[in-house]
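Here are a few exercises to work through with the structure open beside you. Try each one before reading its solution.

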Amino acid sequence: MTHRDTPERYLDGYDRILKEVSDTGRRLTREELESRRVLGEHAADDGHGLRALVSAHLSATRAGWPSTGSGTADSVLAAVQQAMDAFAEGYERAQTLAVRQEEAARREFIDDLLYGRSDLGRLAERAERFGLRLGHAHAVAVARGPAAYTEGDAVPRQVEQALLARFGNRSVLLTTKDGRLLCIAPGHEDEILPYFAKQAHAATDGGTVAIGRPQPGPGGVVQSYEEALNTLELADRLGLDDPVLRAVDLLVYPVLTRDRQAMADLVLDTLGPLTAARGGAEPLLATLTAYFDVGCVAAEAARRLSLSVRALTYRLERIHKLTGANPADPGHRYMLQTAVIGARLLDWPAKAL
């Protein structure tokens, strides 16, 4: 846009100000400065660029430069500076307000989207403003690190720049929620969320990323988001230390805990006798956890527990004696391993069942 395209109303009263300054050598009055600020706000609200507006003011200054009067060139230039500074102040004020309103609208939309608090039809209409088409399937990835992150922090900006450089604008929404990073992507774009996970893991100094499954429709974002959050919670309970966790790979665990009472009964009936051991159930439960995690390889389990193989073997024998189930027996192994998983999910024996 050039100054020729700039409406004259944004220069309203400017020629008169120059003439009066030239005649008297005075500075701009408070009312004149406020009028410049108001015009700057209107220009910003109407979408005009500041560069073209400054050019229009300078052109008007050249065209209306007074040839007579008691004011000096210095006083006229001082008045031009005052006028343009006030105009730019109003312009920037309007832009700041617009940015804040946009941020507020974006945050409100994200809250409604993730909590499903708005009419789905209306939500889908609002989503298009932010590049999402909620009629399609979407998947959500959630990243957490050692610190809480908010919009505008260095980490979200770094991850967003990496995504834009790699994928451009592919209907991806990056935001923060409760101190975590979130990435919402189309369900069919298989490369986006793994790349986000890689970038977020690096940017958060080794944080953990959970990826929910693609879910269809306006409510799909909420479902995928909740899956990702549940996956992070499962990782905590099970002690999983993988940098990237996929909800689809952990579906067995929600199934196991769907009937909580049945799982609690299995844990107590199978592992309850371990509480009679010297030192309680925790050391023997940790032994079973390590033993099953390494595929029942005694030497590797002993290494992880900083035990000798002989000491590990003794513990396994003690478990067999107390529970009646032999961890080395394939016939008993599934029941024991399921009970161990249930104990970790239910936080037993730290919490009574």
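Contact here means heavy atoms within 4.5 Å. Helices (H or I, at least four residues) and strands (E, at least two) are DSSP runs, numbered from the N terminus. This is a predicted model: local features need pLDDT of at least 70, side-chain atom pairs count only at pLDDT 80 or more, and totals for chains, interfaces and linings use all residues. Residues are numbered from 1 along each chain as its sequence is written, and side-chain values use heavy atoms, with hydrogens and water left out.

**Exercise 1.** Find what the buried residues of H7 pack against.

Solution. Start with who is buried (under 20% relative accessible area; exposed is over 50%, partly exposed in between, with a 1.4 Å probe and protein chains only). In H7 that covers Ile192, Leu193, Tyr195, Phe196, Ala197, Ala200 and Ala203. Next, look at their neighbours: these residues pack against helix H6 (154-167) and the strands E1 (138-144), E2 (173-177), E3 (180-186), E4 (208-211) and E5 (244-246).

**Exercise 2.** Check the length of helix H7 against its expected span.

Solution. The expected span is 1.5 Å times one less than the number of residues. H7 has 12 residues (192-203), so it should span 16 Å. Its end C-alpha atoms are 16 Å apart, which agrees. Just after the helix, look for aspartate 205: its phi is positive, near 55°.

**Exercise 3.** How are the rings of phenylalanine 167 and tyrosine 195 arranged?

Solution. Rings of Phe, Tyr and Trp (its six-membered ring) pair if their centres lie within 6.5 Å; planes under 30 degrees apart are stacked, over 60 edge-to-face, and the rest tilted. The whole structure has two such aromatic pairs. In this one, the centres are 5.5 Å apart and the planes are at 85°, so the pair is edge-to-face. Now place the partners: phenylalanine 167 is in helix H6 and tyrosine 195 in helix H7, so the pair ties together parts 28 residues apart in sequence. Phenylalanine 167 is buried at 8% relative accessible area, and tyrosine 195 is buried at 18%.

**Exercise 4.** Which parts of the chain does the salt bridge between arginine 344 and aspartate 293 tie together?

Solution. A salt bridge is a side-chain nitrogen of Lys or Arg within 4 Å of a carboxyl oxygen of Asp or Glu. Here the N to O distance is 3.7 Å. Arginine 344 lies in helix H14 (residues 330-346) and aspartate 293 in helix H11 (residues 282-293), so the bridge ties together parts 51 residues apart in sequence. Arginine 344 counts as buried at 18%, while aspartate 293 is partly exposed at 44%.
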